[in-house]
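Could you walk me through this structure in my viewer, one selection at a time? Please tell me what to pick next and what I will find there.

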Amino acid sequence: MVIYNVTCNMASHLEEEWLEWIREHIAHVLGTGLFKDAKLTRVLVEEQDGASTFSIQYKAISRETLETYYSNHAEALRKAGLDKWGNNVLSFRTELDVLDEYTVHTNLN
């Protein structure tokens, strides 16, 4: 399984508006039908300039579906972000190959 990770950094005053926008954007990415799910997380780091950093992790159905996403959808979806935010939000993308997954089930009674 492959995780398509997008890390975004912005000035903290943009955070509230960006979070509203990214939640819609995630819905559009998932709407392609090429990902199983997504997680939106805050990166827990204190930036010297007070900036905010977030990570969106999209779990691809397969390597092939991620390639289909790149070929058929990525350019338009990236352009939407650039058109909206320009250089105010800096993003970089990484691919993560999931080797193992572990889950702990606890009885909280």
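Start by selecting T68, which you will find in helix α2. Do keep in mind as we go that this is a predicted model. T68 is partly exposed: its relative accessible area is 32%, which falls between the 20% limit for buried and the 50% limit for exposed. Now show what surrounds T68. Setting aside residues within four places in sequence, T68 is in contact with L34 and H73. L34 is a good one to keep on screen, since the C-alpha atoms of T68 and L34 are separated by 7.8 Å, while the two residues are 34 residues apart along the chain.

**Step back to the whole chain**

Zoom out and colour by secondary structure. You should be able to count 2 helices and 4 strands in the protein chain. Trace them along the sequence and the pattern reads β-α-β-β-α-β. If you turn the C-alpha trace onto its principal axes, it spans about 40 × 40 × 20 Å. Of the 109 residues in the chain, 34% are buried. How much of the contact set with a separation of 6 or more comes from residues 24 or more positions apart? Those residues account for 77% of these contacts.

**Strand β1: T7 and N9**

Next, select T7 in strand β1. Is T7 buried or exposed? T7 counts as buried, because its relative accessibility is 11% and the limit for buried is under 20%. Show side chains here and look for N5: a polar contact of 3.0 Å joins the side chains of T7 and N5. Then expand the selection to the neighbours of T7. Not counting residues up to four places away in sequence, T7 touches T53, F54 and S55, and also L90, S91 and F92.

Stay in strand β1 and move to N9. N9 counts as partly exposed, at 22% relative accessibility. Its side chain makes a polar contact with the side chain of T53, at 2.7 Å, and T53 is also among the residues touched by T7. Beyond four places in sequence, N9 touches E47, A51, S52, T53, N88, V89 and L90. Measure to A51 if you like: the C-alpha atoms of N9 and A51 are separated by 6.7 Å, although these residues lie 42 residues apart along the chain.

**The nonpolar core**

Now hide the polar side chains and look inside. The largest nonpolar core holds 24 residues, and W18, F35, Y58 and Y69 touch the most other members. At least two residues of this core come from each of β1, α1, β3 and α2. Which element gives the most? That is α1, with 6 residues.

Select Y58 and show its surroundings. Leaving out residues up to four places away in sequence, Y58 touches V2, I3, Y4, V6, H25, I26, V29, L30, F35, D37 and A38. Pick H25 from that group: H25 is found in helix α1 and is buried, with a relative accessible area of 12%. With the sequence neighbours again set aside, H25 touches Y58 and L77.

**The largest pocket**

Turn on a surface for the next stop. The largest pocket has a volume of about 310 Å³. It is lined by 21 residues, and V6, R78, G81, S91 and R93 are the closest to its centre. To see where the lining comes from, colour β1 (2–10), α1 (15–30), β3 (52–60), α2 (63–85) and β4 (89–97), the elements that give two or more residues to it. Helix α2, where the tour began with T68, supplies the largest share of this lining, with 6 residues. Colour the lining by class and you get 15 nonpolar, 4 polar and 2 charged residues.

**Last stop: after β4**

Finish by selecting Y102, in the segment after β4. Y102 is exposed, with a relative accessible area of 70%, so it clears the cut-off of over 50%. Show D100 as well: the side chains of Y102 and D100 make a polar contact at 3.1 Å.

Methods. Residues numbered from 1 in each chain as written. Predicted model: local features only at pLDDT ≥ 70, side-chain atom pairs only at ≥ 80, totals over all residues. Heavy atoms only, no water. 1 Å grid on protein atoms, 1.4 Å probe; cavity = no way out; pocket = protein on both sides within 12 Å on 5 of 7 lines; lining within 4 Å. Points joined across faces, edges and corners; volume = space filled by probe spheres on them. Nonpolar A, V, L, I, M, F, W, Y, C, P; charged D, E, K, R; others polar. Core = buried A, V, L, I, M, F, W, Y, C linked by side-chain atoms within 4.5 Å. Buried < 20%, exposed > 50% of the residue type's maximum accessible area, 1.4 Å probe, protein only. Contact = heavy atoms within 4.5 Å. Polar contact = N/O pair within 3.5 Å; in protein donor to acceptor, adjacent residues only side chain to side chain.
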